[in-house]
2 protein chains.
Amino acid sequence: MTTPQTFFGVSRRILISSLALLPALIGPLRPISALAQADALPSWNDGPAKASITDFVVSITTQGGPDFVPAEQRIAVFDNDGTLWVEQPMYVQLAFVLDRVKAMAPLHPEWKDKQPFKAVLEGDMKTLAESGERGLLELGMVTHAGMTTDEFAKIVSDWLATARHPRFKRPYTELVYQPMLELLGYLRANGFKTFIVSGGGIEFMRPWSEQVYGVPPEQVVGSSIKTRFEMRDGRPTLFRLPEVNFIDDKTGKPIGINEHIGRRPIAAFGNSDGDLEMLQWTTLSGGVRLGLIVHHTDAEREYAYDRQSHFGKLDIALDAAALNKWTVVDMKKDWKRVFAFE
Amino acid sequence: MTTPQTFFGVSRRILISSLALLPALIGPLRPISALAQADALPSWNDGPAKASITDFVVSITTQGGPDFVPAEQRIAVFDNDGTLWVEQPMYVQLAFVLDRVKAMAPLHPEWKDKQPFKAVLEGDMKTLAESGERGLLELGMVTHAGMTTDEFAKIVSDWLATARHPRFKRPYTELVYQPMLELLGYLRANGFKTFIVSGGGIEFMRPWSEQVYGVPPEQVVGSSIKTRFEMRDGRPTLFRLPEVNFIDDKTGKPIGINEHIGRRPIAAFGNSDGDLEMLQWTTLSGGVRLGLIVHHTDAEREYAYDRQSHFGKLDIALDAAALNKWTVVDMKKDWKRVFAFE
C-alpha cells in the first residue's frame, strides 16, 4: 500500500483528478491508507472489537512499520454459516436439502415409505435428527449429485430466488450480516484478498458469493463431492457423483486453505468450533495476526447461542479465544445493525 | 476494459499524469485497450499463431462487441511442463526427485540394495524406467512426504537455487519460454486472471510461480498429496503424508479447474495429451474461446518431439487441435526467441 508521503512533488489537484479516474480504469479504488478508512465500518459500535480490527489493519499496512505485510500476502479467510450469514434455525444448505427432497419426491414414490426421506416429507424433524450423520449424508448426496455442475448451479440459484427464511420471511441472501459485509469491503480496500472457507458446499456458495459478498468463485473454499469428466454430444461436462471428495471443516479448514490458497492467511473470521483450527493456523505462526469470533448474543435481532447449540456450536473455540487473544464480537453490543434491511 | 473513448472531456495531459501514477498506486497497469498492446508479444513472429491470440483478445475485450467477455470471467489456464518451461530430457520435478534421493541416501543405507532407489543411486535409468509408475510413485512419496509444508517449500527453493539443466547449464527457472511469459503478461494486461493447471505437484510450483511467472500461489492448480493438521509445541503445522490426494492430469484438469477456480476458463494453453480435456473443457462450450498448443519443433534452440515422446507426448491432442481449430504453435517458426537469455 502506498502512503500519501510518496506523492511529494505531485500537484494535489492532478493527484485528485487522477484518483477520480481510477475507478473507471481499474474498478473499485484502493484507498491511500487504512486511516482514511476509519468510518468504513459504520455498522460497528466503537469498542475493543472494532478497535482490534482497525488497529490490526493500520499495523500491517503501515509501510516501514515493524508489522508491515506486503499486499500479496494479505489473505483473509471467512467462515460462512454464522459468520457471514444466518445459520439458525438450521444451516441454509440443510433447508435447501429438505426443500429439494420435497421437490424431487414426485419422481420418487418409494420415498414415502423410506427413511430418512419419509421424515423429511412428513416434516418429522425428530426422526430426521435420529437418522444422524448417515441419514443427512444420504439426503445430501441425493440432492447434490446426479447432475452436471452447470445444472447444479442453476438449481441452487433458482432455489435461492424463491426460498424464504422461516422467521425473517426474506431471501437468505438478505440475511447476511451488514457489519461483516463492511469488514469484507474494508479489508479489500486495504489490499486484502478475501476468501470464504466454509464447511458448506463449495458449489452451493459459488453461484451467489460474488454478488452477495464480492468474493469471486475462485476465492471460495468449501466441502465438495467428486465429479467425473464426460463428453456428452460433443460437449464437455462435469457430472456430480454421490461420493465425498473433501470436508472443509475443523482440521479440514487449514488443509483446504493450503490446498486452495497455498499461503497462510493473516486474518481469520469464524463463529464456531469448526473454525478453531483455521484460527490457529492463521494466528499462531508469528507476526501480528487477527483472529475474530462472532459470538451470537442477540436473540432479539438475530439469535443467541454458543456452547449448547446444535448448529454452530461455540465451545472449545470460545475458550481458545481467551487464551489466544482472539477478538470475540458481542453481536448485541458491538453491532449497530445486524442486517442491511433493519 | 475501458476504451479511450470513455475519456472525452478529460484533458489528455491530466490523463497521462494519472496513468503515470497508477503503477505506484495499484501495481502493474492495465492498458487502455488490446489494440494498444499490439507489440506486447515481441518474441512472437507475425503469423497465424500470433494473430489468433491478438484477434481473440481484441474480440473478447471489445466492449459492445458480440464477443465481449466481462473482466471477471477472463480466466486463462496454462499447463506448466512443456508449455511454460522445459520438460526435456525429463520433467524438472523428476530431476528434483532423483537429486533428492541422492541427497537423502546417507540416511538410508538400505537404499543401496533396494529398487528403485538402487537404480537412482547408480544412475541406471533403464532399470529405473522398468520400475514403472509404481517405482516412480514410491520415489515421489519418499521425497515429497514426511515433512511439513513449510519445510517442503524450503527444500524446493534450495534445490532450484543450485540445480542446473544438463544441456543448458542454467537454473530451471531460466528455462521458461520468453514468448509465453509475454503471453501471460499480455493476457493479464487485458484483464485476465492467469492460472497454472499442471500435472506437476502444486507445492512444487508454488514456491517460485509468483516470481517466475507472476502467478501467485492461489492461482496454481496441480497434483497433490494429503496433509495432516497437527499442533507441534503450540504451533500449527501441516504434515505431508505419503498418500496421493489428487492427480491433476488429463480428465483431472477440468476437475481441478472446477474445484479450484469454479468457473470455466475462456483460454487454455497446453502442449501434450495431458492437456486434451482442459482444452476441450475450455473451448467447446460456446462463445469465442482460445485453445493453443505449443508444438516443440525446434531441436536446435530447444527440443523437437511430439507423438512418440516419453515426456510430453503430443498425439491425440494434436489431431484434436485440427478438428477443434485450436492454434498450434510451431516453435521453430512462430517464436523469435525461445529463452530470455538467447
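1. How many residues does α3(B) have, and how far does it reach from its first C-alpha to its last? The helix has 13 residues and reaches 18 Å between those atoms, close to the 18 Å expected at 1.5 Å a residue; the expected span is 1.5 Å times one less than the number of residues. Helices (H or I, at least four residues) and strands (E, at least two) are DSSP runs, numbered from the N terminus.

2. This is a predicted model, in which local features need pLDDT of at least 70 and side-chain atom pairs count only at pLDDT 80 or more, while totals for chains, interfaces and linings use all residues. Residues are numbered from 1 along each chain as its sequence is written, chains are lettered from A and ligands numbered from 1 in the order in which they are written, and side-chain values use heavy atoms, with hydrogens and water left out.

3. Chain A has 13 helices and eight strands. Of its 342 residues, 56% count as buried (buried is under 20% relative accessible area, exposed over 50%, partly exposed in between, with a 1.4 Å probe and protein chains only). Among contacts (heavy atoms within 4.5 Å) in chain A between residues at least 6 apart in sequence, 66% join residues at least 24 apart.

4. Back to α3(B): ten of its 13 residues are buried, so the helix is largely enclosed by the rest of the structure. The buried set consists of B:Val92, B:Gln93, B:Leu94, B:Ala95, B:Phe96, B:Val97, B:Leu98, B:Arg100, B:Val101 and B:Met104. These residues pack against α4 (117-121), α5 (125-130), α6 (132-144), α7, β2 (193-201) and α9 of chain B.

5. The loop between β1 (75-78) and α3 (92-104) of chain B holds B:Tyr91, and B:Thr83 lies in the loop between β1 and α3 of chain B. B:Tyr91 is partly exposed, at 30% relative accessible area, whereas B:Thr83 counts as buried, at 0%. Leaving aside neighbours within four places in sequence, B:Tyr91 is in contact with B:Asp81, B:Phe311 and B:Gly312. On the same basis, B:Thr83 is in contact with B:Tyr177, B:Met180, B:Phe269, B:Gly270, B:Asn271, B:Asp275 and B:Val294. B:Thr83 and B:Ile293 are 210 residues apart in sequence and 8.0 Å apart in space, C-alpha to C-alpha.

6. In chain A, helix α7 (residues 149-162) and helix α9 (residues 202-213) have axes that come within 9 Å and cross at roughly 65°. Axes are lines fitted to C-alpha atoms, for helices over the stretch in contact, and angles run from 0 to 180 degrees between N-to-C directions. The crossing of α7(A) and α9(A) is right-handed (the near helix is turned clockwise from the far one by less than a right angle; anticlockwise would be left-handed). On the α7(A) side, the residues that meet α9(A) include A:Phe152, A:Val156 and A:Trp159, and their partners include A:Phe204 and A:Trp208. By class, the contact has eight nonpolar, two polar and one charged residues; Ala, Val, Leu, Ile, Met, Phe, Trp, Tyr, Cys and Pro count as nonpolar, Asp, Glu, Lys and Arg as charged, and the others, Gly among them, as polar.

7. In chain B, α7(B) and α9(B) pack at an angle of about 65°, with their axes 9 Å apart, and α7(B) passes α9(B) in a right-handed crossing.

8. Helix α8 (residues 178-189) of chain A should span 16 Å at 1.5 Å a residue, and its end C-alpha atoms are 16 Å apart, which agrees. Nine of its twelve residues are buried, among them A:Met180, A:Glu182, A:Leu183 and A:Leu187. The buried residues pack against α2 (48-61), β1 (75-78), β2 (193-201), α9, β5 (267-270) and β6 (290-297) of chain A. Just after α8(A), A:Gly191 takes a positive phi of about 90°.

9. The largest nonpolar core (buried Ala, Val, Leu, Ile, Met, Phe, Trp, Tyr and Cys residues joined through side-chain atoms within 4.5 Å) has 71 residues, of which A:Trp44, A:Met180, A:Leu183, A:Tyr213 and A:Phe269 touch the most other members. Its largest share, eight residues, comes from α3(A). Apart from this core lies another, of 70 residues, including B:Leu41, B:Ile60, B:Val176 and B:Tyr177.
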